[in-house]
Structures are given as C-alpha cells and as structure tokens.
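This briefing introduces the structure shown below. Please examine it before reading the points that follow.

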Amino acid sequence: MHEDTIQNHPKKRIYLALAGGGAKGIVHAGAYAHVSRKYDIVGVSGTSAGAIVAALIAAGFTADELFHESPDGKGVSPVFEKIKEKHKDVKVLSDLLGKKNFASLRRMKSTASVVFEILARRRKLSLLIVSILVFAVWKVPLGAVDNISDNWWVEAVFFLITLALRIAVTFVLVMSHVFLSVTKVTKNGIASTSRAIEAVCNIIAEKIGVAGGQEVYLDCLPMPLMIIATDVKGKKARVFRSGVDRVKLCDALSASICIPIVFPPHVIDGAEYFDGGIVSNLPLYVFAEQGKLFPERKIIGFGITEGDEELSSPSRFKIVRWAHSRTGQMRKGLENLLFPVDEVQFYMGSIFGTFFTGTQELAHIGSNTIPINIKTKLKTTQFDVTPSQALLAYRQGVIHAISVDNEFEIDDYARDFCKILFELVSMNMRLPLGAIPRCEERIRIALAFKKPHNFSTLSLRYGYGFEISPDMNIDLPIDSSSCGEAWLSLKPVFENNQINIFQRLSSYEHILGRISPNIKWVICVPIVEDGKSEPEFVVNIDGNWALESRLVDEAGIEIAQEVAIFEIARKVTLRGRDLATVIRDHRESAKS
C-alpha cells in the first residue's frame, strides 16, 4: 500500500528535498538522522550529492547506516565501509574519482577561484591589462596614422580610437578562444562518474534484493524518489520520478551529478544531461502537487551554505555578487559572439554559482515549505575529507535540522490560537435574546500570511471551523480582498455586505469560484508588532449569517454591532501579538 493511503500514523509526515553541494553533502546524513527519528518521510528528492543521499534514503537505509557517531566519539559510515570492502583501493571518497582525476579537479578549482577573485577585485583593470598585453604581441602597425593630418591632436585622437577598436576586437577573439576551449573540455570532462555511481547502486541493489546495481530502476525503491538533472538541449530541469519514468537509478544519478567541465554530459535516450544544480539545486518544487493535496504535510528542504569562517573574506562576497549580477548580462551581450556552441550559452553563467562559488537560491513553493540552510566548513571538492571533518559536518546537519521542530511547534501554537479565537468570537457575537437564527451559525477562523518572496497574495492557513471547504488554504490577492486591505492599511477591516465581499474578487474568477458562497460578513485584523511597517499576519474571521444591529457579548450584555466588532478586533489584536512573539522567538531560537 502506498504511504499516502496509510491512516492514523503516529508520526507527522514530511517530504524531504536535499540540495547538491559535492563533498558538503555529508551534512545531509546528520539532517536525516534528526528528522527520521521524529517524522515519517513519505517522499524524497535530491540534486547532485543530495540525489545520492536521497537514493540511499529511498532504498531504506537508516540514518545510522548512512553515518553515525560511535561511542568513542568517532564518525562511522557503514555504507562507505561496505564500498571499501568491495573496492580495496578505496580509502577516502576521492579514491572513487581516481587520484589523478581528483588532483586535476582540485587544481582546476583553485585556478578558477584565483581568476574569479582577480576579476572580482579589479575586473575592469584586469581585462584592460589582458587586452593590452595581447594587443602588444599582435604586432599590428599603427604607423599609418602619421600622414593623416598635420595637426598632432588629430593624429592622437585617431590613434586612441584605433587602439580602442583593436583592444575590443582582441578581447572578443581571446574570449572566443577561451570559451571554445571550455566547450571542448566540457564535452570530454576531466573525470568520470561511473565508478562512484556504480558503487552506490551496487550497495542499493544489495539492500533491496536486486541482482546488480545496473538492474535497479527508480520503481524498485520502496520510497517515492525524484532526482533532478539539467537537460542541456532542452535548457530546462528534468525530473526523474519513480512511478512515472522507467529509468535506471544509475543513469538518473549520473545525470544529476555531472558538473560541467568536471564530468562529461551523461546521455539517456539520446539526450545529454548535466548537474541538476544548474537549474534547481534545492528541488522543493517537485512536491508542489503533493503539498496541495496534503497541506498538513511539511516539505522540508535542506540547502547547504559555507560556514562563517569561509565567508570571512570580503572578496568572497564580491565574487558571489558579481557572478550573479553579471550572469544575465553575459548571456545577453556575449552569447551570439562568444558562444557558438548552444550548451555553453545556457550553463556557463550558472557554473559560477553552482560549482565555484557554491551559491544557490531556495525555491519557496508554499506555506507548508520549510527551507533550511545547513552551514558547513567543508569545501565542495573536499572529497578527501577526514573522519573528524565528516563527523563535524554530520553534527552540523543534526543541529540545523532541529529548526524543523520549531516550525512544527509554531503550527501547533497557531492552531491552538485559532481554536481559542473561535470560542472568543462565538461568545461575543451571539444573537440578542428572542432573535430567531435564519440558519445554523458558523464562524471560521484562519491566519493569512505572505509567502516568502511573494508580494501579491496572502495565504490562508490554520483554518478552524472550515471543515471540508474549497477556500481552505486559499491564496487571496492583496489588492482585491478584505484581508489585503487590512494588510496594507494596518487597520482592522469589517465587511458586512456579501455583495461587496465578492465584488472585490470579481477580477479573479479562479479564486472567486473557490470562495464559500455562504459568507455574509468578514472581519480582518492585522497583527503588527511595534516598530514594524508590515503585519506578521492577518486574522481572518467570517460567518454565514446576517449580523443583527445589536449583539450580545460574553458578559451577556446587549451592545451595538459596531461596538462588538471593535471589541473583538481589540481582543484579537492582543492575543495575536502574543502569537507573533512566540513565532518570532521560535525562529530566532532556530537561527541561533
């Protein structure tokens, strides 16, 4: 039976996404150790190094089988010990690449880092110097300008213009040669993934009872698995999905870890693939559909960043900023001149962020997504990592994964908050004595949050009283909803006209069709902490009956409708600020 159909499981269910990062992927073992003990993982995805760990998890390897700390304080990886038993010449991870290939890889990365640092510090000056030096050995005579004019300044201006044109042409030719050379290296690579992937697939085959790693298909794994690679010709991410794609695991993994220049592209059914980190280093988005079907399940994404000590040099910041800011300009301005080969047009700029600088962007796909960056002191190419270094990285993964618990605790606080508000509002909006209700009175409470990196919608969460309703967990436009008005104005909004409520959303038919037609009124209260210019969230309260001009509060006193609404907004604000404080404290605790 598929995991999605199992009911009454004692653990909370999560989906797990693991980022690429070369040797830094060891931190994923620590993160997995923590979450696997507290939560039920029902699906896993990964890119590059994250794809290898994801495959091991999907095959059923426990956290202790991947890596654990022994009683004497040493780091032990039973999985890697098995690999060493089968390959007697393997002592450290780098041996799977080959000693010569690994040495070439380290030299290439060191050279690239020096080049990028020079460019980051003095990029304009360095390019000018290079162009002038090349121009100097070009030996193109400029003496022809001597007889152009008797005026020395005309000759000087003409000389400078000619010199500038020569330098520009020289630079274009030099860069063309460089990138054509890169293209050639990229096609051939300096190392091979075959031995490392074969070793991983063989122990997975042994784990699941399949004869040989080459016979392991994605469908053979007991847990749903998705692996990300970059389709070079298609210029897009390719997601290899178990249950959908009939693909060998060794092929999917080889495609996902093929760092351009380092490894040659991996070919599957005639299509060439490179490292998935070029287009999606942290594949949270692959669980977007599951997140909508099961909003109570969290999608946990573990990214990897460099530790503080590695980022202490200001030049590192310059490299990152420059690489990202120039990527788009490089593609637009140089692709037609400098990149005759189509593949290089697409991924050269991304190589800087994916491999050399180790940067990434987290894909926030919804309110139930928890992206977490794990800081580590390991380098991307540090495959000769020592046991003590691996143990430190493992511990860093465990420590950062604890923040997942904080997010679940925030969920529990928020749901309890909505339940308490439901009772509070119900006690303060009773009908006057003798009034006959026209329907069964129903009040609904939800909190509206702005999604990360989203500026146009608010997402309703933690609904209480919704039961099964199509507008539970819906996204509302900020510019055309009562919630949005409260968010922008920082003031409570009360709408007691059903026509106006729906008229606001008339431009959004896809949203209007999901809103409950029984809503008669809505109260939206923004929760704003002191000194903030934006709410932490908006409390959305609505009901399905027409409010009377006078209501009865919790003390049994009949009061005017306006007074009752004002009092409700005041009480909601006070309690809401308490919840906002809890959320802030939990997240600050997770960061520390």
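Leaving aside its neighbours within four places in sequence, with which residues is Ser-48 in contact? In this predicted model, the contacts of Ser-48 beyond those neighbours are Gly-20, Ser-256, Ile-257 and Asp-275.

**Annotated active site**
- An unreviewed UniProt entry lists Ser-48 and Asp-275 under "active site".
- The two residues are spread over 228 residues of sequence, yet they cluster in space, with a largest C-alpha distance of 6.2 Å.
- Their side chains make a polar contact, with Asp-275 and Ser-48 at 2.9 Å.

**Setting of the two residues**
- Ser-48 lies in the loop between strand 2 (39-47) and helix 2 (49-58).
- Ser-48 counts as buried because its relative accessibility is 7%, under the 20% cut-off.
- Asp-275 belongs to strand 8 (residues 271-275).
- With 3% relative accessibility, Asp-275 also counts as buried.

**Strand 9 and its partners**
- Nine of the nine residues of strand 9 (residues 298-306) are buried, so this strand is largely enclosed by the rest of the structure.
- In a regular strand, side chains alternate between the two faces of the sheet.
- Lys-298, Ile-300, Phe-302, Ile-304 and Glu-306 point one way from strand 9, while Ile-299, Gly-301, Gly-303 and Thr-305 point the other way, and all are buried.
- Strand 1 (residues 12-18) pairs with strand 9 in the parallel sense over five bridges, and Tyr-15 has Ile-299 of strand 9 as its bridge partner.
- Strand 10 (residues 369-376) also pairs with strand 9 in the parallel sense, over eight bridges; here Ile-300 stands opposite Ile-370 of strand 10.

Technical notes:
Residues are numbered from 1 along each chain as its sequence is written. This is a predicted model: local features need pLDDT of at least 70, side-chain atom pairs count only at pLDDT 80 or more; totals for chains, interfaces and linings use all residues. Side-chain values use heavy atoms; hydrogens and water are left out. UniProt positions are given in the numbering used here, feature names are shortened, and annotations may be inferred rather than shown by experiment. Helices (H or I, at least four residues) and strands (E, at least two) are DSSP runs, numbered from the N terminus. Buried means under 20% relative accessible area, exposed over 50%, partly exposed in between (1.4 Å probe, protein chains only). Contact means heavy atoms within 4.5 Å. A polar contact is a pair of N or O atoms within 3.5 Å; within protein, one must be able to donate a hydrogen and the other to accept it, and residues adjacent in sequence count only if both atoms are side-chain atoms. Two strands pair if DSSP finds at least two bridges between them.
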